[in-house]
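Got your viewer open and a selection tool at hand? Here is a walk through one model, stop by stop, with a note at each on what to select.

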Amino acid sequence: RLSDDEYKMLGEALRLADAKRIWPAAVAAARFLALTGWRSGEALELRWVDIDLVRRTATLPNTKTGRSVCPLSREACDMLRNRTRSSDLVFPATRGDTDVIMSGFKKMWKKIAELGKLSADVTPHTLRHSFTSLAADLGYSELTIGALVGHKGRTITSRYVHSADAVLLSAADAVAIQTAALMSGNTGAIDVIPFRRESA
């Protein structure tokens, strides 16, 4: 998992990449992975039609565990609201056909990581492991953590298909807030904001 210093380095890498205005979709995808703990393939295949910003859920039709509905934190939703919709895909290819899934994300990730002087062994999957570790540090159960990141047998049940459980949304918020704070270099106490339903 990422150390506090590595989280800060990741935050700096993303800020530098934003400032340089390079690989905007890849930078946004990297930030989204840090805030959600998703697999990189799930993020790169994500389409706007599968996102519900009102209910703060995303439906993933083709994951390793089948169809999955994941809760989205306010941090992730705010990031999505700020994305320019230039394609059906949320994180389209930077060049060429924008309706084609980004194929060069791994290479772009390495370049982004280099901006923050992160070691080569920090991969997008490291962000997933770090997200689940942070959730565990915050006291969430394996069941809750699994539902946040779509582990097999731990996805949101059928009764939550149209609306994520408030407890899961609160957990998603808590982990994303902690992640954002660490990326900004704030390693002090984090105040978790109580759950509230938001409009699009």
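Start by selecting Thr144 in this predicted model and show what surrounds it. Setting aside neighbours within four places in sequence, Thr144 is in contact with Leu168 and Ala171. Thr144 itself sits in helix H7, residues 142-149. Is Thr144 buried or exposed? Its relative accessibility is 14%, so Thr144 counts as buried.

**The whole chain**

Now zoom out and colour by secondary structure. You should find eight helices and three strands, and reading along the sequence gives the pattern α-α-α-β-β-β-α-α-α-α-α. The chain has 200 residues, and buried ones make up 49% of them. If you draw the contacts between residues at least 6 apart in sequence, 66% of them join residues at least 24 apart.

**Helix H2 against H4**

Next, select residues 24-36, which are helix H2, and residues 74-81, which are helix H4. Two packed helices are described by the angle between their axes and the distance between the axes. Here the axes come within 9 Å and cross at roughly 165°. An angle over 145° counts as roughly antiparallel, and H2 and H4 are therefore roughly antiparallel to each other. Their crossing is left-handed.

Show side chains at this contact. On the H2 side, pick Ala28, Arg31, Phe32, Leu35 and Thr36; on the H4 side, pick Glu75, Ala76, Met79 and Leu80. Sorted by class, this contact has six nonpolar, one polar and two charged residues.

Stay on H4 for a moment. Which of its residues are buried? They are Arg74, Ala76, Cys77, Met79 and Leu80. Expand the selection around these buried residues and you will see that they pack against H2, strand S1 (51-52) and helix H8 (166-183).

**Helix H2 against H5**

Keep H2 selected and add helix H5, residues 105-115. The axes of H2 and H5 come within 10 Å and cross at roughly 80°. H2 and H5 are therefore roughly perpendicular to each other. From H2, highlight Ala26, Val27, Ala29, Ala30 and Leu33; from H5, highlight Phe105, Met108, Trp109 and Ile112. How does this contact divide by class? It has nine nonpolar residues, with no polar and no charged ones.

**Helix H1 against H5**

Leave H5 on screen and swap H2 for H1. H1 and H5 pack at an angle of about 105°, with their axes 7 Å apart. This pair is therefore roughly perpendicular as well, H1 to H5. Select Leu10, Ala13, Leu14, Leu16, Ala17 and Lys20 in H1, which meet Trp109, Ile112 and Leu115 in H5. By class, the contact of H1 with H5 has eight nonpolar, no polar and one charged residues.

**Two residues with positive phi**

Time for some backbone geometry. Most residues other than glycine have a negative phi, which makes the next two picks worth a look. Select Trp23, in the loop between helix H1 (4-20) and H2. Trp23 is not a glycine, yet its phi is positive, at about 45°. With a relative accessibility of 21%, Trp23 counts as partly exposed.

Then jump to Arg56, in the loop between S1 and strand S2 (57-63). Arg56 also has a positive phi, of about 60°, although it is not a glycine. Is Arg56 buried or exposed? At 1% relative accessibility, Arg56 counts as buried.

**A pair brought together**

Select Ser3, in the segment before H1, together with Ser130. How far apart are Ser3 and Ser130, in sequence and in space? They are 127 residues apart in sequence and 8.7 Å apart in space, C-alpha to C-alpha. Ser3 is partly exposed, with a relative accessible area of 34%.

**Confidence colouring**

For the last stop, colour by pLDDT. The chain has a mean pLDDT of 86, and 82% of its residues reach 70 or more. Select residues 154-163: pLDDT is below 50 there, and this stretch has 20 contacts in the model beyond near neighbours in sequence. Then select residues 192-197, where pLDDT is again below 50 and the contacts beyond near neighbours in sequence come to 16. Where pLDDT is low, the predicted coordinates should not be read in detail.

Conventions. Residues numbered from 1 in each chain as written. Heavy atoms only, no water. Axes fitted to C-alpha atoms, helices over the stretch in contact; angles between N-to-C directions. Helix = DSSP H or I, 4+ residues; strand = E, 2+ residues; numbered from the N terminus. Parallel < 35°, antiparallel > 145°, perpendicular 65-115°, else oblique. Left-handed = near helix turned anticlockwise from the far one by under 90°. Contact = heavy atoms within 4.5 Å. Nonpolar A, V, L, I, M, F, W, Y, C, P; charged D, E, K, R; others polar. pLDDT = per-residue confidence, 0-100. Buried < 20%, exposed > 50% of the residue type's maximum accessible area, 1.4 Å probe, protein only.
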